[in-house]
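Reader: I would like to learn how to read a structure with two chains, one feature at a time. Please give the general idea before each case.

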Amino acid sequence: MGGAHGHLLHFHGHSAVHRAPAHLKVLALLVFMVTVVATPDDWFAAFGAYLLVLVAVIGLSRVPPTYILKRMVVEVPFVLFAVLLPFVARGPRVEVLGLSLSESGLLAAFGLLATATLGVIASLTLAATTEPQALLKGLERLRLPTTLVQIMAFMIRYLSVVTEELRRMHVARVSRGFEARNPRHWPVLAKSFGALFIRSYERGERVHLAMLSRGYTGKMPL
Amino acid sequence: MHVPDGFFDAPTSVVTGVVAAAAVGVSLRKARNELDDRTAPLVGLVAAFVFAAQMLNFPVVSGTSGHLMGGAIAAVLVGPWTGVLCLSTVLLVQGLLFADGGITALGTNVVLMAVTTVVVGWAVFRGLQVVLPKNTAMVPVCASVGAFVSVPVASLVFVALYAVGGGADISIGGLATAMVGVHALIGIGEAAITFLAVGSILAVRPDLVYGARRVLEQRELVIRSSTTEVAA
């Protein structure tokens, strides 16, 4: 599901949620979601309370709720799975609107939908209120291996460069009258894929040389 | 397709999280041995590439399209350790900055999409490389078979995890049949794209393809002289 990733989700602001240290926000998200996942599916009131907590945090952050709602589409494929569950699950069945549905399946579908929705809203709130640089510093404070944080830093730094490169290749193909419609056009797309790999790898080598010539010793100022 | 929060119960999520952390830790060490201080910029750029490559849609029939998961091809292009590292970084960034994939499901996603696809893709690739003739033309073939196998195997691991820590009481046999069936089809697409893409990279920069290194080492330099002498 990579289609929706165009740019980063950060929503500029100066609220208390924006200013909170990133490592605390990541920890809060983790603790919150582990609690949600560990909650039994039939504690309906608890899920309501979790939602209220999230709504309060979003209200405090002054991120428009529509900003969050629009970006919840990443959840769609699993909503479909949840909708199927009551039909395919086993165990005692109940009649709902003339359909015979499994009781345990209904409950599991509710649990999945509620937890996944809370997870998406909570992650979106973190992404909307935390700048990538702050997040990287936070992850470093959480003792993530330095190399991993550096890799993430480079990936985030060059994400727009590489996706722009891909877009330019798309423009170049279209301007030469190419339109991909079926698998017969895959060889052309695969060549773009290959060219993008070579360009990215070579850029990585050039970046490394540029770093060395500026005195890189293995540590990065973030 | 990133697994969201709540798909698996808390114990399963914790266990997959530990497995994922261990796999990333080992890969970090091994990749550093291989790439030394080039690790951060190179892996970062290749991770950005994998992220962008997942946005490249391949049309199938009338309106539907798919994209590469990229585990097997990453293993063949940059090696298994670096491959695990790249795909894990992509999943980490997608989870934290794009809200794609739940944070409690991060371990599960890494185990399924970074570790399983890379390890299976690489194992099949190397296995075939040992058996098949050692020339560069065989590299894309081995890579595509690795890609084809890696996708349904990842879906089987998903079913196994669901049997252990899934929410609903559904027939595991039925789920396995459906998942493997669908993912075998996806695997065919993955195999075709991997074949074409590895072939196109081999044609331009064979030295960049990690999986082709042994083959290239065995290649001898052939010096050809023109048979028809140009009249002086």
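Reader: At what angle do helix α9 of chain A and helix α7 of chain B pack, and how far apart are their axes?

Author: Two packed helices are described by the angle between their axes and the distance between the axes. This is a predicted model. In it, α9 (residues 186-213) of chain A and α7 (residues 172-204) of chain B pack at an angle of about 55°, and their axes are 8 Å apart. The two helices, α9(A) and α7(B), are therefore oblique to each other. Their crossing is right-handed. On the α9(A) side the contact includes A:W186, A:A190, A:F193 and A:F197. On the α7(B) side it includes B:I193, B:L196, B:S200 and B:V204.

Reader: Is there a general reason for the spacing in such lists?

Author: An α-helix has 3.6 residues a turn, so residues three or four places apart point the same way.

Reader: Which helix of chain A gives the most to the side that touches chain B?

Author: Start with the whole interface: 78 residues of chain A are in contact with 64 residues of chain B. Several helices of chain A each supply at least two residues to that side, among them α2 (22-38), α6 (103-129) and α8. The one that gives the most is α9(A), with 18 residues.

Reader: What covers the buried residues of α9(A)?

Author: The buried residues of α9(A) include A:W186, A:L189, A:F193, A:F197 and A:H208. The cover includes α8 of chain A and, from chain B, α2 (39-53), β1 (58-59), α3 (71-78) and α7.

Reader: How is the length of a helix checked, and how far apart are the end C-alpha atoms of α9(A)?

Author: The check multiplies out a rise of 1.5 Å a residue and compares the result with the distance between the ends. For the 28 residues of α9(A) the expected span is 40 Å, and the end C-alpha atoms are 40 Å apart, which agrees. Helix α5 (residues 106-131) of chain B has 26 residues and should span 38 Å; its end C-alpha atoms are 36 Å apart, which also agrees.

Reader: Where does α5(B) bend?

Author: At B:T116, by about 30°. As for its surroundings, 20 of the 26 residues of α5(B) are buried, so this helix is largely enclosed by the rest of the structure.

Reader: What is the secondary structure of chain B as a whole?

Author: Chain B has 8 helices and 2 strands, in the order α-α-β-β-α-α-α-α-α-α along the sequence. Its C-alpha trace spans about 85 × 45 × 35 Å along the principal axes. Of its 232 residues, 58% count as buried.

Reader: Which residues other than glycine have a positive phi, for instance in the loops?

Author: Two cases will do. A:R143 has phi near 65° and sits in the loop between α7 and α8 of chain A. B:A99 has phi near 55° and sits in the loop between α4 (80-97) and α5 of chain B.

Reader: Are A:R143 and B:A99 buried or exposed?

Author: Count the neighbouring C-beta atoms: 20 or more within 10 Å makes a residue buried, and 12 or fewer makes it exposed. A:R143 has 9 other C-beta atoms within 10 Å, so A:R143 is exposed. B:A99 has 28 C-beta neighbours inside 10 Å and therefore counts as buried. By that reckoning A:S175, a residue of α8 (residues 146-175) of chain A, is exposed, because 8 C-beta neighbours lie inside 10 Å.

Technical notes
Residues numbered from 1 in each chain as written. Chains lettered and ligands numbered in written order. Predicted model: local features only at pLDDT ≥ 70, side-chain atom pairs only at ≥ 80, totals over all residues. Helix = DSSP H or I, 4+ residues; strand = E, 2+ residues; numbered from the N terminus. Expected span 1.5 Å × (residues − 1). Bend = angle between axes of the 7 residues up to and from the residue. Axes fitted to C-alpha atoms, helices over the stretch in contact; angles between N-to-C directions. Parallel < 35°, antiparallel > 145°, perpendicular 65-115°, else oblique. Left-handed = near helix turned anticlockwise from the far one by under 90°. Contact = placed C-beta atoms within 7 Å.
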